[in-house]
Amino acid sequence: MNLLLEVALKNGLVFDLMGVIGLGLIGIAAVRLSQKYQSWGGSMMAFGAIALIIARIYFILAPHVVTKEFLAAIGPVGTSLTIALPSLLLAFGLAGIVWGLWGHERWLNEETR
Amino acid sequence: MSYEELQYLSMSYGTFPPLGSIAAVRPVFLIVMGVFLMVIAWRLVKNTSGWSAWTMISGALLLGFGYSIMLPLYEAGLIDRLSSHGDQSTAMGWHAVKIFTMNGGWLLFGIGLAIYANVFASPSPTPRRTTAIPPASPHEFTT
């Protein structure tokens, strides 16, 4: 395989950047929508996008930050938090974006009906 | 999910048993979310046209494929992860598909939503000054 392609795939930094930029755009667009239409769906979408961005940044940083010493320092409760919190953030972020999109769409339909 | 798998999950997650049940529900949640995302994106852009609709729909399709088909397959263990001791080239290919689908999907969806929400337009568009052309006087060319 092409060496450059392999490095880009294994590190995944370019693709992670794409994803984070996309999520940031979703957040900005959601804030703009909630300002423009005064709909709660936009705020919900913005919260979801922020949660997904936080989880993604954690997954990018985790291999460098979370070491054995770090885990020993934060204790068993903190260790289980490092496992539970990112997946919870991912789940709530996705649910928030979908829920917000649904709310916005329903609000638009009610407006134009 | 069999008892051995549950036991393995609870072992790999340490002393955190409720997460085992979350791990069991997660694929269903992902499938529902992926399908919902596609349906709602389609309903949202049904009446609009242009770049915003196409970008948003393609992003939503990529995300829907990723969330409702690929990630559950990963969680079910039907696709080898890159770190597992399986066929490395196949795992690499699926890994490439996964990171392209998830990140490209979010990027396209974000761009589409941003165009839809007029993010790229200037926030307070100044109305273009239209100079009123005075009606040509009938005497203009006659003198």
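In this predicted model, buried residues account for 33% of the 113 residues of chain A. Chain A holds four helices and zero strands, and along the sequence these helices follow the pattern α-α-α-α. The radius of gyration of chain A is 18 Å, whereas a compact globule of 113 residues would come out near 13 Å. The extents of the C-alpha trace of chain A along its principal axes are about 60 × 45 × 20 Å. Of the contacts in chain A with a separation of 6 or more, 74% are accounted for by residues 24 or more positions apart.

Chain B can be described in the same terms. Chain B also contains four helices and zero strands, and reading along its sequence gives the pattern α-α-α-α. Buried residues make up 25% of the 143 residues in chain B. Taking the contacts in chain B between residues at least 6 apart in sequence, 61% join residues at least 24 apart.

Confidence should be considered before the details of chain B. The model as a whole scores ipTM 0.82 and pTM 0.75. For chain B the mean pLDDT is 77, and 69% of the residues reach 70 or more. Within chain B, confidence is lowest in helix α1, residues 3-12, where the mean is 52. Confidence is highest in α3(B), at 90, and that helix is taken up next.

Helix α3 of chain B covers residues 51-76, a run of 26 residues. At 1.5 Å a residue this helix should span 38 Å, and because its end C-alpha atoms lie 36 Å apart, the expected and modelled spans agree. The helix nevertheless carries a kink of about 30 degrees, centred on G66(B). G66(B) is also one of the buried residues of α3(B). Others in this helix that are buried include T55(B), M56(B), G59(B) and A60(B), and further along L62(B), L63(B), G64(B), Y67(B) and L71(B). An α-helix has 3.6 residues a turn, so residues three or four places apart point the same way. Just after α3(B), the backbone at G77(B) takes a positive phi of about 85 degrees.

Beyond that point, the loop between α3 and α4 of chain B contains D87(B). Is D87(B) buried or exposed? D87(B) is exposed, because it has 10 other C-beta atoms within 10 Å, and a residue with 12 or fewer counts as exposed. A60(B), by contrast, belongs to the buried set of α3(B). The C-alpha atoms of D87(B) and A60(B) are separated by 30 Å, and the two residues are 27 apart along the chain.

The remaining topic is how the two chains meet. The contact takes 30 residues from chain B and 26 residues from chain A. On the side of chain B that touches chain A, the elements giving two or more residues are α2 (18-45) and α4 (88-116) of chain B. Which of the elements gives the most to that side? The answer is α4(B), with 15 residues. By residue type, the side of chain B that touches chain A divides into 22 nonpolar residues, seven polar and one charged.

Definitions and conventions: Residues numbered from 1 in each chain as written. Chains lettered and ligands numbered in written order. Predicted model: local features only at pLDDT ≥ 70, side-chain atom pairs only at ≥ 80, totals over all residues. Contact = placed C-beta atoms within 7 Å. Nonpolar A, V, L, I, M, F, W, Y, C, P; charged D, E, K, R; others polar. Expected span 1.5 Å × (residues − 1). Bend = angle between axes of the 7 residues up to and from the residue. Buried ≥ 20, exposed ≤ 12 C-beta atoms within 10 Å, placed from the backbone. pLDDT = per-residue confidence, 0-100. Rg over C-alpha atoms; globule rule 2.2 N^0.38 Å.
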